Amino acid sequence: MKPRTADKIATTLIVFFALLIVAILVGLLGYILVRGLNHISWDFLTSAPQKIRAGGGVGPQLFNSLYLLVLTLIITVPLGLGAGIYMAEYARPGKITGFIRLIVEVLSSFPSIVVGLFGLLLIVNYFDLGFSLISGAIALTFFNLPLMVRITEQAFRTVPKQQKEAGFALGLSKWKIVTSVLLPVALPTIITGTILSAGRVFGEAAALMFTAGMSSPRLNFSDWNPLHSNSPLNPFRPAETLAVHIWKVNSEGLAPDAMQIAAGASAVLVIMVLLFNLLARYFGRFIYRKLTASKRMN
């Protein structure tokens, strides 16, 4: 076979499979959005769900998902940032460093149902935190932490060595170089990765069924005291998230419009994940331009 013919065949196959993957993705997203967009309204996004009557919404579930995401990031970002900086700048090559990387890889490959059962045994029962937002946030940290560590480590390793060497030449300390020289350059990548991991957390369901629970108390959105049991900001209350609500409505929903509610909630979930991804790209580029003082070329 002639090289030019082989090249054309290979190019055709690559383009075909790329278009096939895009078509499958567009078809899946289009199917979910077409079925659900007609059911989305302001009342649907803000009202509470109904158990046996039609017309329920997903307001508390949507708030629970966003609040759980914030709690998860509060735990994950400092731990992941610190561990990633240590692995990139302080850890010496050896058995201990290799063992830490192995643990990170193992954590990233855990099935969500295993993490949920682990959280049920350790966080919910042993530490007696019960089915709560904080239990779900700790469980989701096991998903986010490996990704956050890898993102931070890779972001610091991509910084040119000349910048680090210039800092040492100026007599700066190791910590000063990390915080003042390396971190501003690596920050856009870290922020982008953090937002992308947040989108992953937003759609998690299996682990939360065993940690955050599958029900939510009636919330009083006029009471923002986190110590009150019906306050939306109470991190120790059970909380049904949007992804868990979709599973629950599909499996045991008694409302006459259960399928429409599930379709609308699925569309909301997909839109939120898409927004997270688009926000990550835009915000990462915006921070990069600000920190590097670069401008778009006309």
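**Order of elements.** I started at the N terminus and read the elements of the protein chain as α-α-α-α-α-α-α-α-α-α-α. That makes 11 helices and zero strands; helices here are DSSP runs of H or I with at least four residues, strands are E runs of at least two, and both are numbered from the N terminus.

**Ground rules.** I am looking at a predicted model, in which local features need pLDDT of at least 70 and side-chain atom pairs count only at pLDDT 80 or more, while totals for chains, interfaces and linings use all residues. Residues are numbered from 1 along each chain as its sequence is written, and side-chain values use heavy atoms, with hydrogens and water left out.

**Whole chain.** I boxed the C-alpha atoms along the principal axes and got roughly 70 × 60 × 40 Å. Of the 298 residues, 38% count as buried (buried is under 20% relative accessible area, exposed over 50%, partly exposed in between, with a 1.4 Å probe and protein chains only). For contacts (heavy atoms within 4.5 Å) with a separation of 6 or more, I found that 74% join residues 24 or more positions apart.

**Helix 8, on its own.** I checked the span of helix 8, residues 174-202. Its 29 residues put the end C-alpha atoms only 36 Å apart, short of the 42 Å that a straight helix would reach at 1.5 Å a residue (expected span is 1.5 Å times one less than the number of residues). Where does helix 8 bend? The bend is at Leu183, by about 60 degrees, and a proline, Pro184, follows within four residues. The bend at a residue is the angle between axes fitted to the seven residues ending there and the seven starting there.

**Helix 6, for comparison.** Helix 6 (residues 133-157) has 25 residues and spans 35 Å from first C-alpha to last, close to the expected 36 Å. I still found a bend in helix 6, about 40 degrees at Phe143, with Pro146 following within four residues. Helix 6 is mostly covered, as 18 of its 25 residues are buried.

**Helix 6 on helix 8.** I put the axes of this pair within 8 Å, crossing at roughly 145 degrees. Axes are lines fitted to C-alpha atoms, for helices over the stretch in contact, and angles run from 0 to 180 degrees between N-to-C directions. The crossing is right-handed; that is the clockwise case, while left-handed means the near helix is turned anticlockwise from the far one by less than a right angle. The helix 6 side includes Leu140, Phe143, Asn144 and Leu147, and the helix 8 side includes Val178, Leu182, Leu183 and Ala186. So both bend residues, Phe143 and Leu183, are listed in this contact. I sorted the residues of the contact into 13 nonpolar, six polar and one charged (Ala, Val, Leu, Ile, Met, Phe, Trp, Tyr, Cys and Pro count as nonpolar, Asp, Glu, Lys and Arg as charged, and the others, Gly among them, as polar).

**Helix 3 on helix 8.** For helix 3 (residues 59-90) the axes come within 9 Å of those of helix 8 and cross at roughly 145 degrees. Helix 3 passes helix 8 in a right-handed crossing. Among the residues that meet are Leu62, Leu66, Thr72 and Tyr90 in helix 3, and Trp175, Ile190 and Phe202 in helix 8. I count 15 nonpolar, three polar and two charged there.

**Thr72.** I looked closer at this helix 3 residue. Thr72 is buried, at 0% relative accessibility. Beyond four places in sequence, Thr72 touches Ala137, Leu140, Thr141, Asn144 and Val201.

**Helix 7 on helix 8.** Helix 7 (residues 161-169) packs on helix 8 at about 145 degrees, axes 10 Å apart, again in a right-handed crossing. Gln163, Lys164, Gly167 and Phe168 meet Lys174, Ile177, Val181, Leu182 and Val185 of helix 8. The split is five nonpolar, two polar and two charged.

**Asp128.** I noted a positive phi of about 60 degrees at Asp128, not a glycine. Most residues other than glycine have a negative phi. Asp128 is in the loop between helix 5 (112-126) and helix 6. Is Asp128 buried or exposed? Asp128 is exposed, with a relative accessible area of 64%.

**Ala265.** Last entry, from helix 11 (residues 258-292). Ala265 is buried at 0% relative accessibility, and its contacts beyond four places in sequence are Phe44, Val58, Leu242 and Ile246. I also took its C-alpha separation from Glu105, 160 residues apart along the chain, as 33 Å.
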